[in-house]
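Trainee: I am new to this structure and would like a close look at a single part of it. Could you take me through the enclosed space inside and the parts around it?

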Amino acid sequence: GVILMLVGFVLVGGGLFVSYRLGGMGESAHQVEIVKMKESQKLLRKHLQECHDSKEREDDSRRKLDVQMSDELKELKKKNAEMEKQNDELSRSNDELERKNGECVEESEAIHETWSEKDRNNAQIVKKLSDQHQTLVKTSTRYTNVKSMSHILLDTTIRKLFREQAQLRVLLGKPNITTGLSDHLDSIVAKWEKTPEFNNHSLVLADRHEFATLTKKSRTNFTTFYDRNRESKIFFQSKDNSGVYSKPTWNGRTGTGKLVSGVHDVDFVDPLPLTKVLRKLYDYALCAMGNADVFNYPTFFKAGTKIESLVDLLETPMVNFCKDCKPQENTAAFKLACLGHTTQEQYGSIFFWRMRSRIRFNNPIMAAADDFISGNGLEYALAVRLRRGGFDKECNTQWRNGVAQLTYSRVLKGTVREFSREFDDTCYPSESYVIKTLNAYLKNNTHYDKVYFSTDATVEEWSAIVQQISVPVFRYPQLDDAHSQAIDMVIASKCHGIVVNRWDATSSQITELYLLERKLSHKGIAVW
């Protein structure tokens with residue numbers, strides 16, 4: 001349509017132009033223009049025809065495309081109808097499955113209701129059996145993993161009796177027994193059961209006179225017995241570059257082993273403070289060393305309101321710490337097996353120091369003490385043990401009985417400086433006496449640049465003393481549990497010198513640790 005309009009416009013314009021040209025041209029010129037116009041008209045008609053043909057072709061292509069699209073649309077409609085049919089079939093199948101699932105749920109609920117009561121009864125039975133099984137496992141563990149102390153003591157005593165029997169036969173010139181040991185043992189037991197001591201549940205102890213020299217002799221210079229390469233000698237602890245302390249070894253064991261179970265259903269809790277529990281532990285360790293055996297020792301103790309455990313404080317291979325076990329030190333079997341190997345008999349001997357050197361506080365306690373010392377510059381401090389509270393009554397009782405701590409009577413007496421022999425000054429020195437004596441001692445020993453007090457003094461008692469000491473003073477911030485008490489004792493033992501109380505159990509612990517720090521040299525020790 002656009003092309004026809006253009007052609008018409010050209011023809012009309014041409015006529016106007018011809019008319020205009022005819023008005024000013026001659027006849028010949030007019031003919032020439034007419035010829036040109038006819039040629040242009042032919043050319044335009046040709047283009048018009050080509051345009052018309054092109055339009056026909058486009059229309060034909062469009063008709064063919066419409067036919068093709070119509071076929072594809074029919075095919076799509078056919079496929080869509082098939083999919084709808086399949087969807088209807090799936091929908092019917094799904095409805096059937098939902099119906100069957102509902103029936104299954106109803107059936108399951110009915111079965112559950114039927115069996116629920118029976119299941120509850122079975123569950124109670126299973127729980128009861130499970131509890132019984134756990135109890136049996138626990139009991140089996142106690143009975144199979146460790147021998148009870150009564151069995152250990154019986155075995156130790158029998159072996160000790162055989163050794164003594166063998167020695168007696170040698171002394172009497174009789175041949176040693178090599179056969180029939182079972183019958184021989186039965187005869188010994190039978191004879192023992194007929195004795196009055198057995199029937200009265202008592203025990204004949206050794207003659208005390210044979211230990212007279214041992215108990216009176218002071219023992220401090222044992223450095224000549226020290227051999228680093230022999231386990232049987234005294235163990236002197238060392239610290240590696242990473243700050244970890246070496247663990248004592250004995251009889252193929254190193255440090256504290258795992259907590260073991262006894263054969264009792266209830267844990268024994270010793271109602272004693274740490275220092276007295278340690279002293280009791282010495283008897284077990286000495287007896288174990290003397291008999292080349294390993295004893296069990298109850299791990300729990302309670303001096304205040306908190307139950308604490310030795311297995312969390314110590315490194316020692318001398319005993320097995322146990323729960324569900326009871327102490328044995330007051331039994332006849334223990335006294336018989338440990339005769340000659342008690343603290344009372346052996347304190348201060350080389351045998352004692354071999355044992356004592358293998359009971360150490362563990363690495364966390366040692367590290368805490370080292371941190372406190374380095375943090376406060378106490379490397380050249382004087383440690384002073386100052387008892388307060390109700391200690392005056394305790395040491396009065398000891399004085400009336402004539403019994404000072406074994407550390408003083410066996411190790412320190414006659415070998416170290418004693419500030420006084422007056423009981424009041426040695427037991428519970430007054431504030432004025434403490435200030436006067438310490439300031440004089442510090443004046444004559446200028447290498448002490450600080451004082452560390454191991455004390456249970458109140459804030460008021462502490463303030464009245466420390467303000468008048470001539471050098472800076474320190475104390476551990478709290479001593480309300482065994483862990484902090486252990487740190488306090490280690491700090492004091494690592495100071496450059498110590499002042500201790502002859503009646504005080506903590507002073508004994510500090511002195512023992514101090515001596516082991518210095519290979520049993522008593523230099524730097526003084527006594528109130």
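Mentor: Let's start with the residues around the largest cavity: Gln237, Arg360, Phe361, Met366, Val490, Ser493, Leu513 and Glu517 form its lining. Please keep in mind that this is a predicted model. The volume of the largest cavity is about 60 Å³, and the count of cavities of 30 Å³ or more comes to five. Rolling a probe the size of a water molecule over the atoms shows where empty space is left. Sorted by class, the lining of the largest cavity holds four nonpolar, two polar and two charged residues. Three elements each give at least two residues to this lining: strand E10 (360-361), H17 and H18.

Helix H17 deserves a pause here. It runs over residues 482-493, and twelve residues at 1.5 Å a residue should span 16 Å; the C-alpha atoms at its ends are 16 Å apart, so the expected span and the model agree. The helix is also mostly covered, with ten of its twelve residues buried. Among the buried residues of H17 are Val490 and Ser493, and both of these also line the largest cavity. Ala482, Ser484, Ala486, Ile487, Asp488, Met489, Ile491 and Ala492 of H17 are buried too.

H17 has a part in another space as well, the second largest pocket, where it supplies the largest share of the lining with four residues. That pocket holds about 490 Å³ of space. Its lining counts 24 residues, and the closest to the pocket's centre are Pro273, Leu274, Leu479, Gln485 and Thr506. Helix H7 (274-290), H17 and helix H18 (505-517) are the elements that give two or more residues to this lining. By class, the pocket is lined by eight nonpolar, five polar and eleven charged residues.

From H18 we can follow the chain onward to Leu520, which sits in the loop between H18 and strand E16 (525-527). Leu520 is not a glycine, yet its phi is positive, at about 70°. Is this residue buried or exposed? Its relative accessibility is 3%, and under 20% counts as buried, so Leu520 is buried.

Asn251 makes a good partner for that residue. Its phi is near 55°, again a positive value in a residue other than glycine. Asn251 lies in the loop between strand E1 (249-250) and strand E2 (253-254). Here the relative accessible area is 44%, so Asn251 is partly exposed.

One more loop residue rounds off the tour. Arg387 is found between strand E11 (381-386) and helix H12 (391-401). With a relative accessibility of 15%, Arg387 counts as buried. Which residues does Arg387 touch, leaving aside those up to four places away in sequence? They are Tyr428, Asp456 and Asp504. Two of these contacts can be described further: the side chains of Arg387 and Asp456 are joined by a polar contact of 3.3 Å, and a polar contact of 3.0 Å joins the side chain of Arg387 to that of Asp504.

If you would like one element to keep in view as you turn the model, try H17: it gives residues to the lining of the largest cavity, and it also contributes to the lining of the second largest pocket.

Definitions and conventions:
Residues are numbered from 1 along each chain as its sequence is written. This is a predicted model: local features need pLDDT of at least 70, side-chain atom pairs count only at pLDDT 80 or more; totals for chains, interfaces and linings use all residues. Side-chain values use heavy atoms; hydrogens and water are left out. The expected span of a helix is 1.5 Å times one less than its number of residues. Buried means under 20% relative accessible area, exposed over 50%, partly exposed in between (1.4 Å probe, protein chains only). A polar contact is a pair of N or O atoms within 3.5 Å; within protein, one must be able to donate a hydrogen and the other to accept it, and residues adjacent in sequence count only if both atoms are side-chain atoms. Contact means heavy atoms within 4.5 Å. On a 1 Å grid over the protein atoms alone, a cavity is a set of points where a 1.4 Å probe fits but cannot get out, and a pocket is an open set with protein on both sides within 12 Å along at least five of seven lines; lining residues have an atom within 4 Å of a point. Grid points are joined across faces, edges and corners, and a volume is the space filled by probe spheres set on the points. Ala, Val, Leu, Ile, Met, Phe, Trp, Tyr, Cys and Pro count as nonpolar, Asp, Glu, Lys and Arg as charged, and the others, Gly among them, as polar.
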